[in-house]
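Student: I should like a close look at a single helix of this model and at how its residues are placed. Please set it in the context of its surroundings.

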Amino acid sequence: MAEAQEIEAAIKRLSGMSPDEFMNAVARHVTGTPDKRDAPHGVQAAALAAPQMAPRTLDALELAVKRARSFLPLKEGESRKQQAARIAPFRAGLQAAMRPYQDVVEDLAHEEAKHLAALDDETFTRRWTAFVLDEPVTGPVPRRVQALAFRSPRVAARADAVCRLMTEEPGRFLPAAAPGESRKARDARVRDFRDRVAAEQRFLRYAIQYAEARQGRMPAEPNVRLRALRLLGDKHPEELSSLLHQVRAELREGKREERRDARAVRRATSKGAR
């Protein structure tokens with residue numbers, strides 16, 4: 001009981017740290033160089049690996065790898081090559097420490113994917129749109145976990161279907177324009193949105209192909225016509241929108257003609273029977 005309370009207190013303290021403070025605390029723990037501010041090693045380890053902390057711990061480790069030079073600055077009289085020789089094992093140690101936290105994050109993403117798969121279409125679309133627009137995360141699920149969940153084989157095909165709608169009709173998904181927004185500014189927003197959608201679709205395609213391969217199906221070849229459609233939408237959005245409305249109207253008219261023909265056949269058949 002006492003240890004659980006210590007872990008809870010450590011989680012609370014770590015949660016209140018700034019990004020840089022937290023990164024330094026994680027680096028101290030991983031490299032075995034704690035100071036008086038840190039909890040005992042076992043308590044600190046449990047706190048950093050807790051489900052609510054593991055995604056942030058992983059973010060901090062990745063940031064520390066990128067900023068390795070700030071932890072091991074160039075010494076007086078030391079060459080860049082000598083500094084690099086000191087940095088290499090430091091980076092390797094940080095990278096090796098990531099695996100347990102990655103396992104926790106993957107478990108969280110698995111549970112989140114199950115939750116997303118159970119959502120109704122409207123709620124799922126709203127959640128996916130918020131993710132694509134990179135809106136601030138307000139719930140308990142960190143963006144890193146959301147990303148893995150949306151890109152999982154369980155959910156990727158559903159998200160990809162929404163992406164196709166996003167590409168065709170971005171206005172349905174973009175926030176309302178600010179008062180006085182110019183045509184140029186709107187076009188830039190649409191281009192940026194379509195770029196975000198295309199980037200996410202590349203991730204989704206890997207997951208979809210993985211799922212297809214697991215089921216013994218050959219992954220589909222790249223859709224050249226769809227890519228051409230996206231390019232047309234980027235360069236001539238109004239023309240694409242007009243063409244889409246025209247095709248949909250033609251399809252609706254075709255269905256009406258089919259229904260009229262079917263009614264005519266039924267009437268002719270009934271008269272012949274009499």
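Tutor: A residue is called buried here when its relative accessible area is under 20%. The model is a predicted one, and the part chosen is helix 3, which spans residues 41-48. Its buried residues are Val43, Gln44, Ala47 and Leu48. Viewed down the axis of helix 3, these buried residues fall within an arc of 125°, so they line one face of the helix. The spacing follows a general rule: an α-helix has 3.6 residues a turn, so residues three or four places apart point the same way.

Helix 3 also belongs to a wider arrangement. The largest nonpolar core of the model has 32 residues, and Leu14 and Phe22 are those with the most contacts inside it. Helix 3 is among the elements that give two or more residues to this core, together with helix 1 (2-15), helix 2 (19-31), helix 4 (54-66), helix 6 (80-96) and helix 7 (98-117). Helix 4 gives the most to this core, with 6 residues.

Elsewhere in the chain, another glutamine merits attention. Glutamine 201, found in helix 11 (residues 183-214), is buried because its relative accessible area of 6% is under the 20% limit. The side chain of glutamine 201 makes a polar contact of 2.9 Å with the side chain of aspartate 160.

Helix 11 further supplies at least two residues of the lining of the second largest pocket, as do helix 12 (224-235) and helix 13 (237-273). By class, that lining has 10 charged, 4 polar and 4 nonpolar residues.

Key:
Residues are numbered from 1 along each chain as its sequence is written. This is a predicted model: local features need pLDDT of at least 70, side-chain atom pairs count only at pLDDT 80 or more; totals for chains, interfaces and linings use all residues. Side-chain values use heavy atoms; hydrogens and water are left out. Buried means under 20% relative accessible area, exposed over 50%, partly exposed in between (1.4 Å probe, protein chains only). Helices (H or I, at least four residues) and strands (E, at least two) are DSSP runs, numbered from the N terminus. The arc is that of the directions from the helix axis to the C-beta atoms. A polar contact is a pair of N or O atoms within 3.5 Å; within protein, one must be able to donate a hydrogen and the other to accept it, and residues adjacent in sequence count only if both atoms are side-chain atoms. Ala, Val, Leu, Ile, Met, Phe, Trp, Tyr, Cys and Pro count as nonpolar, Asp, Glu, Lys and Arg as charged, and the others, Gly among them, as polar. A nonpolar core is a set of buried Ala, Val, Leu, Ile, Met, Phe, Trp, Tyr and Cys residues joined through side-chain atoms within 4.5 Å.
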